[in-house]
Amino acid sequence: MNPNYLDFEQPIAELEVKIEELQLVGNDNDININEEISKLKEKSHKLTEKIFSDLTPWDIVKVARHPQRPYTLDYLPRVFTDFEELHGDRHFGDDKSIIGGLARLNGEPVMVIGQEKGRSVKDKVLRNFGMPKPEGYRKALRLMEMAERFKLPIITLIDTPGAYPGIDSEERGISEAIAQNLAVMSRLKTPIICLVIGEGSSGGALGIGVGDHTAMLQYSTYFVISPEGCANIIWKTSEKAPDAAEAMGLTSTILENLGIVDSTIPEPMGAAHRDIDLMAERITAHLSEQLKKLQALDADDLLAQRYERLMSYGND
Amino acid sequence: MSWIDKILPSIVRSGEESERRTNVPEGLWSKCVKCESVLYRPDLEHNLNVCPKCEHHMRIGARRRLDIFLDEEGRTEICTDVEPVDRLKFKDLKKYKDRLSAAQKATGEKDALIAMEGSVKGLPVVSVAFEFAFHGGSMGYAVGEKFTRAANVALEKKVPLVCFAASGGARMQEALISLMQMAKTSAVIERMKQQGVPYISVMTDPVYGGVSASLALLGDLNVAEPNARAGFAGPNIIEQTIRQKLPKGFQLSEFLLEHGAIDMIIPRPQMRDKLAGILSKLMHHPVDLGVAESEPECESESVEQQEE
């Protein structure tokens with residue numbers, strides 16, 4: 001099994017291996033081989049299209065957690081320019097699972113805040129696998145309040161397996177830190193655009209997820225409890241996670257229907273990691289469009305609209 | 001059971017007591033879940049379901065909670081038309097719809113939150129209480145909506161809101177709708193804060209997950225009953241994540257107080273007096289209402305006699 005491909009993608013992986021092999025041979029000049037390669041590429045493309053047109057919710061959970069899934073650090077340099085990272089919550093420390101700072105989007109200054117899981121093993125440890133502690137949420141809050149003072153729009157990139165469930169997290173008040181963010185984000189006098197780029201797990205995601213517009217990448221997920229957690233509670237085994245994923249409605253299609261997510265950004269063929277640049281282009285276009293709409297609103301109208309939206313959650 | 005087990009008093013036998021504890025039949029007698037003292041039920045109720053022997057605060061329902069907190073006169077239940085909605089048509093082993101009907105039948109409530117308008121020692125308040133027996137007090141649309149509406153009544157009338165939380169967290173079966181109730185309730189609380197209408201959050205055993213990470217920790221004052229457990233992640237999940245035993249007293253009220261999450265611990269019999277006193281100051285009431293009306297007595301005599 002090719003570790004760069006998920007189980008349901010293995011037929012694609014096999015084709016890709018063949019293409020690679022032929023390409024190596026092809027360098028020794030032969031026109032027929034080139035033809036063969038383009039045939040196989042066509043086949044691989046069609047197969048990918050077919051497989052991805054019919055993903056189950058559990059497949060999507062796996063794509064959202066794909067080891068090659070682009071993270072905040074992959075998008076930062078592609079979507080923004082002049083990023084200047086700002087550190088620390090001013091009370092306890094600097095949580096590296098939440099990255100925040102000033103940047104420009106199409107030349108316009110913004111505040112960007114994103115959760116980062118870390119790519120290499122060393123990075124993952126540094127970033128605590130994308131599981132923020134209270135100081136992460138408090139840093140985010142500090143930056144968001146700063147953004148309000150300087151009239152900078154806020155853009156948040158959500159990608160976390162959840163807030164960190166540990167002793168230190170509880171000691172420093174992880175619940176309060178998240179709750180405080182929800183409360184303050186509901187009234188910050190500046191546009192807030194939220195984007196789920198991978199996993200949006202529960203309170204840990206929502207802690208930077210209250211705003212004027214929430215979008216999801218096509219193969220990202222947003223849920224109140226992980227499918228494994230849900231399966232553990234109901235079926236008493238995490239092996240039932242695929243069933244749980246089915247029942248929970250964690251994909252953008254369903255969440256858009258429920259009126260919780262406002263839009264979905266289509267991913268490149270075979271998901272975002274197959275073409276990060278294209279994905280980043282689409283994200284940039286999306287953010288620019290939303291920003292323009294929100295900035296056209298008067299600050300009081302913006303807040304009234306956000307509040308009304310929050311109050312409507314769950315209504316028919 | 002061997003002959004030696006049979007002649008041992010029940011309290012000495014171990015292992016199976018947890019099941020037996022709750023198996024004391026309905027009637028005049030009750031057993032403390034902590035110290036296992038046999039208690040005369042009328043005494044226990046008079047003592048607000050706090051064990052007269054070990055002061056363990058037993059769980060009580062939402063209606064009883066509001067009943068002992070609010071003045072007898074002039075209380076009205078509000079927002080009674082809010083009902084749960086199964087927007088996802090959630091189904092696991094059972095249909096969520098069926099789980100809801102079962103919970104409604106068992107508790108007689110529509111969902112896990114009760115809201116009332118009334119007064120505490122004459123001071124007008126809105127108060128809400130979670131019914132833990134209903135789906136573990138979990139917050140879905142109905143709970144979030146009712147909390148929000150009750151808060152709006154408090155906002156409109158400029159009277160304090162007091163919430164007694166007891167909840168396992170956000171309700172799984174309503175998925176992201178439940179999660180968004182966290183944002184909704186937090187937003188209305190923030191509005192209260194901006195307008196200077198007091199909100200007091202009382203944590204009673206237990207408060208976890210989405211309820212803890214929203215409305216329960218956003219009070220102008222956060223208080224807790226003794227020995228209430230409250231936290232973001234449940235102890236099992238933390239133990240599985242960090243692979244070590246948790247320290248004694250972890251996530252209990254005393255732990256919360258020590259780590260600065262709450263203002264104070266208030267034993268149940270003093271809750272009314274204490275909160276009335278605090279609210280009378282916050283509301284600039286000319287008279288301080290914090291003085292005890294009458295000390296609730298611990299009528300434990302009859303219980304002791306019974307044990308001998």
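**Spaces and contacts in a two-chain model**

Visitor: By class, which residues make up the lining of the second largest cavity?

Guide: By class, that lining has 7 nonpolar, 3 polar and 1 charged residues. Please keep in mind that this is a predicted model.

Visitor: How much space lies in the second largest cavity?

Guide: The second largest cavity holds about 50 Å³ of space. Residues of chain A that line this cavity include Leu206(A), Tyr222(A) and Arg309(A), while Met180(B) and Ala183(B) are among the lining residues as well.

Visitor: And how many cavities of 30 Å³ or more does a search of the whole structure find?

Guide: The search finds 4 such cavities. The volume of the largest cavity is about 140 Å³.

Visitor: Which residues lie nearest the centre of the largest cavity?

Guide: Arg59(B), Ile60(B), Arg65(B), Thr204(B) and Asp205(B) lie nearest its centre, out of 19 lining residues. Two or more lining residues come from each of helix H4 (62-69), strand S5 (123-130), strand S6 (161-167) and strand S7 (199-208) of chain B. Sorted by class, the lining of the largest cavity has 9 nonpolar, 5 polar and 5 charged residues.

Visitor: Let us turn to pockets. How much space lies in the largest pocket?

Guide: The largest pocket contains about 1,700 Å³ of space. Its lining has 46 residues, and those closest to the centre are Ile225(A), Ser226(A), Gly229(A), Ile233(A) and Ile237(B).

Visitor: Which elements give two or more residues to that lining?

Guide: In chain A they are strand S5 (192-201), helix H9 (202-206) and helix H10 (227-234); in chain B they are helix H7 (175-195), helix H8 (209-212) and helix H9 (235-242). By class, the pocket lining divides into 20 nonpolar, 20 polar and 6 charged residues.

Visitor: New topic: how many residues does each chain bring to the contact?

Guide: Chain B brings 45 residues and chain A brings 45 residues. The area buried between the two chains is about 4,000 Å², with 72% given by carbon and sulfur atoms. On the side of chain B, Arg87(B), Met172(B) and Phe232(B) lose the most area to chain A, together 17% of what that side buries.

Visitor: Where is the salt bridge?

Guide: The count between the chains is 1 salt bridge. Glu190(B) forms a salt bridge with Arg187(A), and the closest N and O atoms are 2.6 Å apart. The interface also has 12 residue pairs in polar contact, counting pairs with both residues at pLDDT 80 or more.

Visitor: Which element gives the largest share of the side of chain B that touches chain A?

Guide: H7(B) gives the largest share, 15 residues. That side of chain B divides into 27 nonpolar, 10 polar and 8 charged residues.

How values were computed
Residues are numbered from 1 along each chain as its sequence is written. Chains are lettered from A and ligands numbered from 1 in the order in which they are written. This is a predicted model: local features need pLDDT of at least 70, side-chain atom pairs count only at pLDDT 80 or more; totals for chains, interfaces and linings use all residues. Side-chain values use heavy atoms; hydrogens and water are left out. On a 1 Å grid over the protein atoms alone, a cavity is a set of points where a 1.4 Å probe fits but cannot get out, and a pocket is an open set with protein on both sides within 12 Å along at least five of seven lines; lining residues have an atom within 4 Å of a point. Grid points are joined across faces, edges and corners, and a volume is the space filled by probe spheres set on the points. Helices (H or I, at least four residues) and strands (E, at least two) are DSSP runs, numbered from the N terminus. Ala, Val, Leu, Ile, Met, Phe, Trp, Tyr, Cys and Pro count as nonpolar, Asp, Glu, Lys and Arg as charged, and the others, Gly among them, as polar. Contact means heavy atoms within 4.5 Å. Buried area is the accessible area (1.4 Å probe) that two parts lose on being put together, summed over both. A salt bridge is a side-chain nitrogen of Lys or Arg within 4 Å of a carboxyl oxygen of Asp or Glu. A polar contact is a pair of N or O atoms within 3.5 Å; within protein, one must be able to donate a hydrogen and the other to accept it, and residues adjacent in sequence count only if both atoms are side-chain atoms.
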